[in-house]
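The following exercises concern strand pairing, helix packing and aromatic pairs. Each task is followed by a stepwise solution.

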Amino acid sequence: METPPPPRAMLDGGPQALWEPQPPAGALQTPERCVWPCLSILEGDSCPQGLFEAISGPPWAGPQQVLGQGSCSDLNHWSGQGVAGWPCTGPCWSRRGRPAALETVLREEAQRGFATLEDPLAALLDMLDSSRGWRGKGPSLEAWVARELKRCLQAQLCPGPARGSPGLKQLQARAVKLLAESPPGLVEPLVSIFQLQDADRSPLLAHVHRLHQEGKFKEAIVLGAKLRLQADLDVEKMCIPLLLQDKADLVERYVDGFPDLQRRLLALMDSWCQPGFDIRVVARRYPQTTLRLERLSPRALGRQVLRLLEQHGLDPDLCPNVVTQQRLAALRYLCYKRLVERSVSRESWAEHVQSLAGQDQWLQEQLLQLLASHDDAALVAQCALDLLLPEERLPASVAAELRQLRIQERTAEAPLEDGKDDYYQLPIPREHLHFLASWEDLARHQEELLQPGQVVGMDLEWRPSFGAGGRPRASLMQVAVEGRVFLLDLPRLSSPAGGQAPQAFFRLVSRLLTDPSITKLGYGLAGDLRSLGASCPALAQAEKQLRGSVDLLQVHRQMRAADRPAPGVDGAAGPRGLSLLVQQVLGKPLDKMQQLSNWDRRPLCEGQLVYAAADAYCLLEVYWALCREPARFHLSGDLARSLRLGRGERVGPGELPPLQKALTSPQQVPAGEDAAPEVPARAFRVVCDSMLQGLARRLRCLGIDVLVLATGEDHRRAAEVARQEGRVILTSGLPYHKLRAQVGAGRCLSVDCSLKARQQATAVIRHFNVRVTHSDIFSRCQACNCHQYLKVSKDVMKQLVWLSGHPEGPSGTGDEAAQIKDERETGSAPEEAPGGCTYEPSCRWLEEEDLQSRVPATLGDGTRLQLSGVPAGVLRRPGLRHFYCCTGCGKVFWEGSHLGRVAENFREVLEGVPGSHEPSRAPSPASSPS
């Protein structure tokens with residue numbers, strides 16, 4: 001019998017030479033003879049010479065006739081059984097990158113074979129028992145066969161056992177034993193094929209417990225979720241180690257669909273947020289696990305808890321510690337707004353504070369401490385009077401002022417009401433403010449609102465919310481046109497659903513947003529439209545519908561990137577956001593006294609109406625001023641055209657709008673008489689508060705010595721460190737004034753938190769005139785601030801990783817996508833930075849005497865090397881010569897492309913002309929773990 005020729009699809013995918021020489025007539029067709037041609041085609045090479053010699057019997061077989069003549073046990077041969085170096089695992093069996101025609105051929109042959117097998121499930125188990133290739137990382141032939149069998153069973157293309165049959169129970173018992181070593185790519189098919197979710201739960205639970213005891217926490221929780229065993233497992237036991245490893249996403253998926261487990265998880269996380277709790281006590285129960293405790297600060301945990309409460313629609317009372325901490329943070333914010341900025345009215349401040357503190361004795365005590373820490377006794381006494389605080393609990397000076405207030409009945413707020421002329425004033429008459437609350441109002445002013453070709457300013461207001469439950473519903477929408485402002489009453493215009501007013505409102509707003517001839521101005525416009533969509537479901541797609549808009553927030557960021565605030569503007573103590581933009585462009589800031597008022601109240605007071613109108617109308621005046629004199633504000637000379645692009649104009653192919661060009665190339669600040677003296681990056685030393693950790697990492701990346709206060713550490717510590725070590729203080733706002741008074745002018749900077757960390761770093765460098773060169777990049781560890789590294793050869797690193805129990809990189813099996821990514825990176829040489837920079841750091845080689853122990857790899861000072869962060873693909877990468885280990889925290893770095901990205905991101909502040917950089921002297925965390 002002659003072997004038929006291979007299918008055309010297979011010939012198109014691989015070399016025809018694979019089929020030569022022709023097999024003798026009557027050659028036996030066996031399963032393994034089918035696999036090798038397919039493998040060769042997947043690999044893009046012919047079958048290796050030693051392969052045929054390693055397999056007993058004739059090596060030739062046509063794939064059309066292979067599986068049909070095999071018995072149940074013939075699937076054993078699919079595993080390859082250790083043939084002369086031929087891979088049965090690796091990229092060739094990945095679902096990515098395989099030609100569609102070849103995939104079709106493989107599936108057709110698999111279907112024919114499975115259909116003729118007496119018991120395909122038993123055959124699959126026989127194959128897995130007889131092979132070990134599938135136990136490693138990455139895709140494998142066995143996993144592919146299991147996936148195809150699962151697909152065939154689901155499509156009823158081959159026979160399967162009846163649910164609950166004795167034969168199935170025996171197969172389930174065998175399959176459970178294989179789960180212990182199964183990678184994720186094999187676990188899911190096994191669970192589906194053998195219906196393990198319906199199997200006897202005792203061995204399944206025992207297997208999950210064994211994984212957990214062996215420290216395979218990720219594998220245990222993933223398998224428990226796939227088998228739906230959550231109700232029978234201890235949620236705290238399963239979730240705690242994953243939370244300590246910063247794998248909250250796995251934990252969230254584990255409790256998804258189990259409301260009781262969600263409540264228990266949130267209660268656990270909330271207990272970690274109580275005052276005085278030390279997470280290190282919990283961490284000591286897992287000494288062999290790489291933990292990331294820096295991600296478990298009460299603040300970070302609190303954000304996660306609040307997000308989960310909203311996501312699952314659970315009662316905030318489940319998490320009293322988080323809610324209390326959130327209220328305390330809100331009290332601090334309100335005290336800052338009232339006592340420092342003096343930008344909130346007495347009535348609004350007292351209303352919010354009373355709702356937050358309530359009858360909570362602990363919060364009341366914290367409020368008293370916040371008030372007592374302020375120096376202005378008269379203002380504190382006024383606050384105490386508004387809150388009806390007991391005199392005996394106040395400092396003596398404040399109590400004396402309070403008595404005077406009561407005697408003299410001086411309850412007016414003169415200091416805060418004076419100086420109205422210092423703020424931006426609405427330039428239109430009061431009668432040109434229109435409050436629209438019905439469909440008749442909308443119809444009356446529709447023509448003015450939808451005038452083609454005009455420019456409109458848009459804004460929203462809502463009642464401030466300091467509790468859990470997400471952003472509150474918008475209460476007011478402002479639309480300003482030249483000479484008029486329209487205030488739309490959203491509660492009245494959006495209800496009842498389906499009524500005449502909501503329909504008219506939806507039609508008007510939709511037409512306004514989608515008309516490209518009307519230029520819509522906003523400040524953070526996308527966020528306002530998301531809030532509008534959340535408040536009015538009919539406008540849920542408002543952000544996507546928007547055509548012809550200009551977000552002045554982006555323009556403002558360009559102005560701040562130039563680091564040239566208008567004369568007399570104190571960027572730290574003065575206004576921020578839109579108010580700062582208005583001051584820089586129009587000369588006076590916005591009066592924000594009504595910003596935190598109750599916008600749900602009806603009728604709105606006169607101050608609220610004027611404030612809301614000014615918030616929208618100022619956008620028009622800022623826009624007109626920028627278009628008239630763009631160069632005055634350090635913007636593109638063709639700003640007017642770039643802003644008009646928001647009305648639907650197009651740029652040529654490959655051309656950036658002028659404004660966007662300017663954004664990608666911020667202007668340098670010229671050196672002048674007032675410029676600060678230049679300071680080298682490695683001589684510049686700063687201390688940051690805990691809110692600026694992203695900025696700290698960027699500055700360390702550039703070689704700057706940065707200390708960061710611990711979460712919850714008193715800000716006065718920053719002043720002590722600054723004085724003792726000659727450091728500059730970088731803070732995010734609230735403690736700025738006190739810190740500046742303690743360290744003197746020029747030694748404390750308030751950082752704009754609305755900027756991204758990279759932009760913040762650029763602003764700091766320019767402000768203090770720091771000289772950064774390419775040799776400074778990565779001269780410090782971004783994680784711990786240490787500037788000492790040890791160089792380790794690749795061979796030594798492989799030995800250390802293997803000895804530490806991580807022969808192929810990170811512990812566990814990991815996601816298939818991550819494994820494929822590692823494989824894809826293998827073989828690429830280290831990339832060079834712009835200008836041909838390579839890494840030749842001035843650090844010594846790691847020697848035997850530097851190690852206190854090899855298992856685990858520990859330096860002489862007790863620092864443990866973080867070897868679990870080294871992926872397998874990096875260890876196999878040809879051309880990579882050595883690694884660098886931080887002596888401070890043990891983090892491992894290696895050469896890669898990160899240097900080039902950093903140099904590009906900070907090109908405008910790096911010394912020298914691009915393309916002529918000096919050789920680098922620093923190790924690069926090019927592909928280091930984050």
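**Exercise 1.** In this predicted model, determine in which sense strand β10 (residues 728-731) and β11 pair, and over how many bridges.

*Solution.* Strand β10 and β11 pair in the parallel sense, over three bridges. Within this pairing, Ile-729 stands opposite Cys-748 in β11.

**Exercise 2.** Place this pair in its sheet and identify the helices that pack there.

*Solution.* Step 1: the open sheet has four strands in the order β9-β8-β10-β11, with parallel pairing. Step 2: β9 (705-708) and β11 (748-750) each have a single partner strand and stand at the edges, so one side of each lacks a neighbour in the sheet. Step 3: from one strand to the next, the twist averages 25°. Step 4: helix α32 (residues 693-701) lies across β8, β9 and β10 and runs at about 160° to β9. Helix α33 (residues 716-725) touches β8, β9 and β10 as it packs on the sheet, and its direction makes about 170° with that of β8.

**Exercise 3.** Classify the ring pair of Tyr-789 and Phe-893, and state whether each residue is buried or exposed.

*Solution.* Step 1: the ring centres of Tyr-789 and Phe-893 are 5.9 Å apart, with 80° between the planes. Step 2: planes over 60 degrees apart count as edge-to-face, and the pair of Tyr-789 and Phe-893 is therefore edge-to-face. Step 3: Tyr-789 lies in strand β13 (residues 789-793) and Phe-893 in strand β17 (residues 892-894), so the pair ties together parts 104 residues apart in sequence. Step 4: Tyr-789 counts as buried at 8% relative accessibility, and Phe-893 counts as buried at 3%.

Definitions and conventions:
Residues numbered from 1 in each chain as written. Predicted model: local features only at pLDDT ≥ 70, side-chain atom pairs only at ≥ 80, totals over all residues. Heavy atoms only, no water. Phe/Tyr/Trp six-rings, centres within 6.5 Å; stacked < 30°, edge-to-face > 60°. Helix = DSSP H or I, 4+ residues; strand = E, 2+ residues; numbered from the N terminus. Buried < 20%, exposed > 50% of the residue type's maximum accessible area, 1.4 Å probe, protein only. Pairing = 2+ DSSP bridges. Axes fitted to C-alpha atoms, helices over the stretch in contact; angles between N-to-C directions. Contact = heavy atoms within 4.5 Å.
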